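Colleague: I'm new to reading structures, and I'd like a close look at one part of this one. Could you walk me through the part where the sulfur atoms pair up, and then show me what surrounds it in the rest of the chain?

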Amino acid sequence: MWLQVAVCLSCLLLGAQGQATFLRANDRSGRCQYSFTVASPAENSCPTAGGGPEMEALKSRLTVLESLVSRLVSGDAGTARAAPDAGLREAFARVTGEKSQLQRDKERLGRQVQELQRRAEEQRLEVEKLLAKPCQPPSAAQKDQRSASDPAWQLGNPRYQEVKAEVTEVPAPKQIQEGSQDSTGCGELVWVGEPVSHRKAESITGKYGVWMQDPEAVGPYGPQMLWRINTVGADVRELYGYEDMDQLSRGFPTKVLLLPEPVESTGAAMYRGSLYYQRRRSRTLLRYDLATESIAARRDLPHAGFHGQFPYSWGGYTDIDLAVDEQGLWAIYSTNKAKGAIVVSQLDPGGLEVRRSWETNIRKNTVANAFMICGRLYTVASYASPNTTVNYAFDTATGESRSIAVPMRNSYRYNSMVDYNPVQRKLFSWDNFHMVSYAVRLGKPEAN
């Protein structure tokens, strides 16, 4: 009886917390047995001795957490943060190495530049020695040698020839006073005045050119008429005429002629009413009559080099240079027989035949330009040095040449043409787009 009361009280107490189930049944021995079941309000199942799968998962998560905490405490996290710093240090080391290599390359190139400068200075001194010592005249055996014809000559690039060489500036001695010499005779050149610029060419075709005045002008043009040709180009044909120096300075031509055949380089000359010039890419000389505006004569200059075979030092296809002085019309050139030495020939103005020739010992490609005065050939040392000299003279009357040193200035540093006007006693030159003139003085003629 008391047992039943206790069970009921227990059921009442447990029923307040969760649902209870009361069972009455016989056990295996047949005895009556009372039992009841009460559901837990908080747990679905009772925990096992080992904690079950939930406990195992919780332990696993705790183990991972402890490992992370241990790594943080021991400094592994600091290593992870330092990984980018290590990359930066590696990049910095690489850049530093490249900088050191560039510095070594710079020092090596500097040494190479110094070596090249040293070699250039040695070559400059060698050129000065060669310029100071005239070439030996050819022997009698060499003079007797005659070539039946020129060897085959291959024409060069048809474009305008650029600079080939530079002649080192020769130190100029003290100038001779202008009033100390005779200016009316036909003695040797002793003084060249300061350059006077008259006109600048308008376009790139006038970087090189030639300008002239006829010393023995005939109709229809007067003695004051001036002529010019811009010579940069593959087909140079325009001849511009100006009635006087003032019109040239203003740039107002009164006559423009189109030449029937193209001009080669800056070696043209004006004489007795005709323009004399070399036909492009040939050794043919042409006489263009200004009155009839047509070719009046043509003739090949025997064995003359052309189109870059024997030019002046500045290049420009200046193989044949025509000149005029008190004694007439001249050609300054070289041949294969002369091996690059300047040959001077006096020409017949009418038919262009060679009257007489002289072979000098002056190498044509070592001088910048040349001109004739009173039957003497004069050469200019440099086309680019601001202070150069007239450095050689060859006298056709005696056949002798000698070194001289008459100061001359290149104001614009690229003098591509120098010619003499015997009436005005002036040199005409074309210096880097500019048409320039120089007064000259000659010494007293030697007594016969």
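Modeller: Here is a walk through the disulfide, followed by the cores, the salt bridges and a couple of loops. Keep in mind that this is a predicted model.

Let's start with your pick. The structure holds 1 disulfide, and the partners are Cys 186 and Cys 374, with their sulfur atoms 1.7 Å apart. A pair counts as a disulfide when the two cysteine sulfurs are within 2.5 Å. Where do Cys 186 and Cys 374 lie? Cys 186 is in the loop between α4 (140–144) and β3 (189–192), while Cys 374 is in the loop between β17 (369–373) and β18 (376–380). Those places are 188 residues apart in sequence, so the pair ties together distant stretches of numbering. There's a handedness to look at, too: the torsion about the S-S bond of Cys 186 and Cys 374 is about -100°, so the disulfide is left-handed.

Now, are the two cysteines buried or exposed? Cys 186 is partly exposed, at 30% relative accessible area, whereas Cys 374 is buried at 7%. The cut-off for buried is under 20%. Cys 32 comes out as partly exposed, with a relative accessible area of 43%.

Step back to the whole chain for a moment. Its secondary structure comes to 5 helices and 23 strands, and buried residues make up 40% of its 448 residues. If you take the contacts between residues at least 6 apart in sequence, 56% of them join residues at least 24 apart. The accessible surface adds up to about 25,200 Å², and carbon and sulfur atoms account for 54% of that.

What about the inside? The largest nonpolar core has 28 residues, and those with the most contacts inside it include Trp 211, Trp 227, Leu 239 and Tyr 277. Several strands each supply at least two residues of this core, among them β5 (209–213), β6 (226–230), β7 (236–242) and β22 (426–431). Try clicking on Leu 239: leaving out residues up to four places away in sequence, Leu 239 touches Met 212, Trp 227, Val 256, Leu 275 and Leu 290, among others. There is also a second, separate core of 20 residues, which includes Val 344, Ile 362, Tyr 392 and Tyr 414.

Charged side chains pair up as well, and the structure holds 18 salt bridges. One of them joins Asp 246 and Arg 250, at 2.9 Å from N to O. Asp 246 and Arg 250 sit 4 residues apart in helix α5 (residues 245–250), which puts about one helical turn between them. Asp 246 is partly exposed, at 42% relative accessibility.

Other salt bridges reach further along the chain. Glu 261 pairs with Arg 298, and their closest N and O atoms are 2.2 Å apart. Glu 261 belongs to strand β8 and Arg 298 to strand β12 (residues 294–300), so this pair ties together parts that are 37 residues apart in sequence. Glu 261 is buried at 13% relative accessibility, but Arg 298 is partly exposed at 44%.

Glu 326 and Arg 425 make another salt bridge, at 3.6 Å from N to O. Glu 326 is in the loop between β13 (321–325) and β14 (328–333), and Arg 425 is in the loop between β21 (415–421) and β22, 99 residues away. In this pair, Glu 326 is partly exposed at 32% relative accessibility, and Arg 425 is buried at 18%. You can also find a network of salt bridges linking Arg 199, Glu 202 and Arg 228.

Two loop residues round off the tour. Ser 265 is in the loop between β8 (255–263) and β9 (269–271), and it is buried, with a relative accessible area of 2%. A polar atom of the Ser 265 side chain lies 2.6 Å from the backbone oxygen of Gly 316.

Pro 386 is in the loop between β18 and β19 (387–395) and counts as partly exposed at 26% relative accessibility. Which residues is Pro 386 in contact with, leaving aside its neighbours within four places in sequence? They are Met 408, Arg 409, Asn 410 and Arg 413. The C-alpha atoms of Pro 386 and Arg 413 are separated by 5.9 Å, and the two residues are 27 apart along the chain.

Key:
Residues are numbered from 1 along each chain as its sequence is written. This is a predicted model: local features need pLDDT of at least 70, side-chain atom pairs count only at pLDDT 80 or more; totals for chains, interfaces and linings use all residues. Side-chain values use heavy atoms; hydrogens and water are left out. Buried means under 20% relative accessible area, exposed over 50%, partly exposed in between (1.4 Å probe, protein chains only). A polar contact is a pair of N or O atoms within 3.5 Å; within protein, one must be able to donate a hydrogen and the other to accept it, and residues adjacent in sequence count only if both atoms are side-chain atoms. A nonpolar core is a set of buried Ala, Val, Leu, Ile, Met, Phe, Trp, Tyr and Cys residues joined through side-chain atoms within 4.5 Å. Contact means heavy atoms within 4.5 Å. Accessible areas come from the Shrake-Rupley method with a 1.4 Å probe; for residues, only the protein chains shown count as cover. A salt bridge is a side-chain nitrogen of Lys or Arg within 4 Å of a carboxyl oxygen of Asp or Glu.
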